[in-house]
Every structure is written in C-alpha cells, then in structure tokens.
Amino acid sequence: MFQGMNFAPAKLPGELEALRHEVRDFLSAERDWQPNSDFNAGASPEFSQRFAAKGWIGMTWPKAYGGAEKTFLERYVVTEELLAAGAPVGCHWIADRQSGPLLLKFGTEEQKQRFLPPIIAGESFYSIGMSEPDTGSDLASIRTSAEKVDGGWRLNGSKIWTSNAHLNHYMVTLVRTAPPSDNRHAGMSQFIVPIDAEGVTVRGIENLAGEQDFNQIFFDDVFIADDQVVGEPGNGWAQVMSELAYERSGPERFLSAFRVLAEFGKSLTLDSSEEMIRLYGRLSAHLVVLRRMSISVASLLESGVMPDTEAALIKELGNSYERLVPEMVRLHLPGEVPKALADALQECILHAPSFTLRGGTREILRGMIARGLGLR
Ligand SMILES: Cc1cc2nc3c(=O)[nH]c(=O)nc-3n(C[C@H](O)[C@H](O)[C@H](O)COP(=O)(O)OP(=O)(O)OC[C@H]3O[C@@H](n4cnc5c(N)ncnc54)[C@H](O)[C@@H]3O)c2cc1C
C-alpha cells in the first residue's frame, strides 16, 4: 500500500541567526584553506580542534559526556555554514555525524564515557568501515569476519573506500561474527577498531583529483577486546541501518557544488544573457527546496524520529542536483570565465562522479525510496 512521506514544513528559528554569524566569524578568522567540493577531502586536525573548542562537535549530545545538549536545528546551522565555506571538516565529520550518535544509542555506559569526550574535544576521529572489495551496495554479503577468542575477537578481512582512515583513530567496522544463514542480515556485529592496532594496514587510494582521501584497509588477526563491540554481537545490521538517516539527510548531500553556484552567481552582470540568469534562478530555487526538506528532517531527528525514507529521498535528489550544477554551468558558460569560477568548476567536476556513489548509489536509494513508499 502506498505510504506517504513526512516533510512537515519546518523553519529555522530566527534566533539561530546569531549562531550563524558566530560560525561565520569563526570561519572568516580561520580561513586559510583551499575550499573544495568534497566535505571529506579537506581535513585538518588543528582546524577540528579549534572548532571543537567552540563547543560545536557533539553539540546535540548529553552534557554528561561533554556535549552541549543543543538542538538538531542548531547543529544544522553550524554544518551548513561549514559546508558553504568548504571548510576542512574531514577529520571530525564522521564521528560527529554518526559514530557518536551510534555509541549514544547502542554503546555501553563505559563506552560512552570512554569514547565520546575525546570526540567532543576534537581529539578522536572516526571512519566508516562498511564497504569491501566485493561488497558495496549489497552490504549483507560482507566477508570480513571475526571469531570469538578469550576476552575478545580475532578479526580478518579487508574494507575499501574508507574515507580518511589514514588520518583517523578509529573505524566503526561491520563484520560477520557468525556464518551466513538463511537470514542474510543475521550474524553481523559492529566493532570499534583502533586504526593503529597491531595487524591493521592502511593502503591509500588516489581519487580522480589526485588526492588521497580514501583507503583500503587490511585486518590480519587483529585482536578486538569485548569492550570494543558496539551493542549486542549479532545486532550489527539493525545498528548500521539506524545510522543511515544521519548519513543521508544532511546538507553535505546537496551543497557539494555550492561554490560553483556561488561563483556562477557572482559572475553574472546586467549584460548576462537571459538564459544564464534563468539557469541561476532555477538552480537556486532547487537548492532552496532541498534545504527546506533537509531542515524538515533535522526537525524530525530532533523529535526522535528516524526518517530513513525521507533521508534517502534527500540524498537521491540532492546528489542528482549537485551533479547537475557543474554540468549545466559548464554547458552555459560564455567564452570568458572569471578565474574563481573556472577553478571551482574544475575542482567540482573532478569530484562529481563520487557524489552519487558515496553513502549509497542512486539505484540503491531509489529502491529504498520505493520500498519506503510501499511500492515494492
Ligand atoms: C568518495 C567516496 C567515499 C567513500 N567512503 C566510504 C567510507 O568511508 N566507508 C565505506 O564503507 N564506504 C565508502 N564508500 C563506498 C561507497 O559506499 C560504495 O562505493 C557504494 O556503496 C557502492 O558500492 P560499490 O562501489 O561496491 O559498487 P557496486 O555495489 O558494485 O555497484 C556498482 C553499480 O551497480 C549498481 N547496483 C548494485 N546493486 C544494484 C541493485 N540491486 N539494483 C540496481 N543497481 C545496482 C550500483 O548502483 C552501481 O551503479 C565511499 C565511496 C566514495 C566514492
């Protein structure tokens, strides 16, 4: 049966403008980075630490662990400003967006006290260990596995496309802890793997732009203590699925090409063709709609709902949009292009193919949306 989606109108309260200006002031004092269109590609531990000192990492988390108990809408404002500025957020992004919330939801009290305060202080950075060399979309077919030993688990296998593992301290890793059975989703667990543990090897992979932002990781008899298993062994699939609304609904899913749009807007003059002005209007209008949808999801998260289907829709529409922006701007450019726009375009075009892959491909998201709507 067809089921609707929940995109109730939500507005950012006016008083959040003060926070927005505070973030902008911080960023303009900091600004010594090369803006980029991949939120993971720019990473600076020093930036993340100074940012943390403002109380902006783990800002929605309980005060008991060092958080600020702010709202998801306040967090939305902060993340939006970071992305619009192309700030080097790669070190703390995953821990703040999803590893911390995962631990808050499923971790033991001891894990929360041990792992959350260093994240909030901007001293502890996390990667996502889901994809494997033969397994991306079909995550249930992972082969990295662990067997029970005295006091913990012995981990063997390999993960791939692991963003920033060469810079980070931990990766929350999905592993098989029981052999595959008729229930493909049973028998998986999530481990907090220290990336510097004995038996872990990180091998960098260069992306199309010539940067190293992701890696292949090898686990060779890595010992993981029992107290580094997140939640119940065997509950890994349900836990991973619960991360997805955080992973897919944020402004990083439609702001990757923002710099191209902004530079395109700046390049327009009263003499620009009507075609170019129309294009700028259309692309801006799309952006406003995506932003309203994403704010709506942030307000659902605030009320404790996990809007998986809505998040998948934002990612699918947002990724399509951020691939369309550089393409449309490139096709409509006149001969003479300001250097800032040419630089933004060049950099964005090299990263754009990954927009619709990272975090789940378009085909997979469309399947999820159809299932969420009751259409399959
Ligand atoms: C920049 C970047 C950063 C990444 N960072 C991380 C990370 O930090 N951690 C991590 O774990 N992973 C990461 N990934 C991996 C990403 O999640 C996978 O690339 C993605 O899930 C797709 O998996 P795959 O590459 O194995 O492609 P495949 O699953 O092999 O898919 C290949 C093609 O087949 C299509 N396809 C597959 N199955 C179906 C189906 N059932 N129906 C229709 N079409 C289908 C896909 O849509 C795709 O077009 C990253 C990827 C990129 C590009």
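How do the residues of the lining of the largest cavity divide into nonpolar, polar and charged? The model examined here is predicted. In that model, ten of these lining residues are nonpolar, four are polar and three are charged. The cavity itself holds about 140 Å³ of space. Its lining comprises 17 residues, and N36, S37, L83, G86 and L255 lie nearest the centre. Helices α3 (72–84) and α7 (258–267) each supply at least two of the lining residues. The largest share, three residues, comes from α3. Domain 1 (16–125) and domain 3 (239–372) each contribute at least three residues to this lining.

The whole structure contains three cavities of 30 Å³ or more. The second largest encloses about 60 Å³. Its lining includes Q98, S99, I128, M130 and E243. At least two lining residues come from each of α4 (93–106), β1 (126–129) and β4 (170–176). By class, four residues of this lining are nonpolar, six are polar and one is charged.

I128, part of the lining of the second largest cavity, also contacts the ligand. A polar backbone atom of I128 lies 2.8 Å from a ligand nitrogen atom. Two serines approach ligand oxygen atoms. S131 does so through a backbone N or O atom, at 2.7 Å. S137 uses a polar side-chain atom, at 2.6 Å. The ligand taken alone exposes 970 Å², and the protein buries 63% of that area.

In total, 16 residues surround the ligand, with S131, S137, W161, T361 and E363 the closest. This shell has six nonpolar, eight polar and two charged residues. Domain 2 (128–234) and domain 3 (239–372) each provide at least three of them.

Conventions
Residues numbered from 1 in each chain as written. Predicted model: local features only at pLDDT ≥ 70, side-chain atom pairs only at ≥ 80, totals over all residues. Heavy atoms only, no water. Near = heavy atom within 4 Å. Polar contact = N/O pair within 3.5 Å; in protein donor to acceptor, adjacent residues only side chain to side chain. Areas by Shrake-Rupley, 256 points an atom, 1.4 Å probe, with all protein chains shown as cover. Nonpolar A, V, L, I, M, F, W, Y, C, P; charged D, E, K, R; others polar. Domains from an automatic or database assignment. 1 Å grid on protein atoms, 1.4 Å probe; cavity = no way out; pocket = protein on both sides within 12 Å on 5 of 7 lines; lining within 4 Å. Points joined across faces, edges and corners; volume = space filled by probe spheres on them. Helix = DSSP H or I, 4+ residues; strand = E, 2+ residues; numbered from the N terminus.
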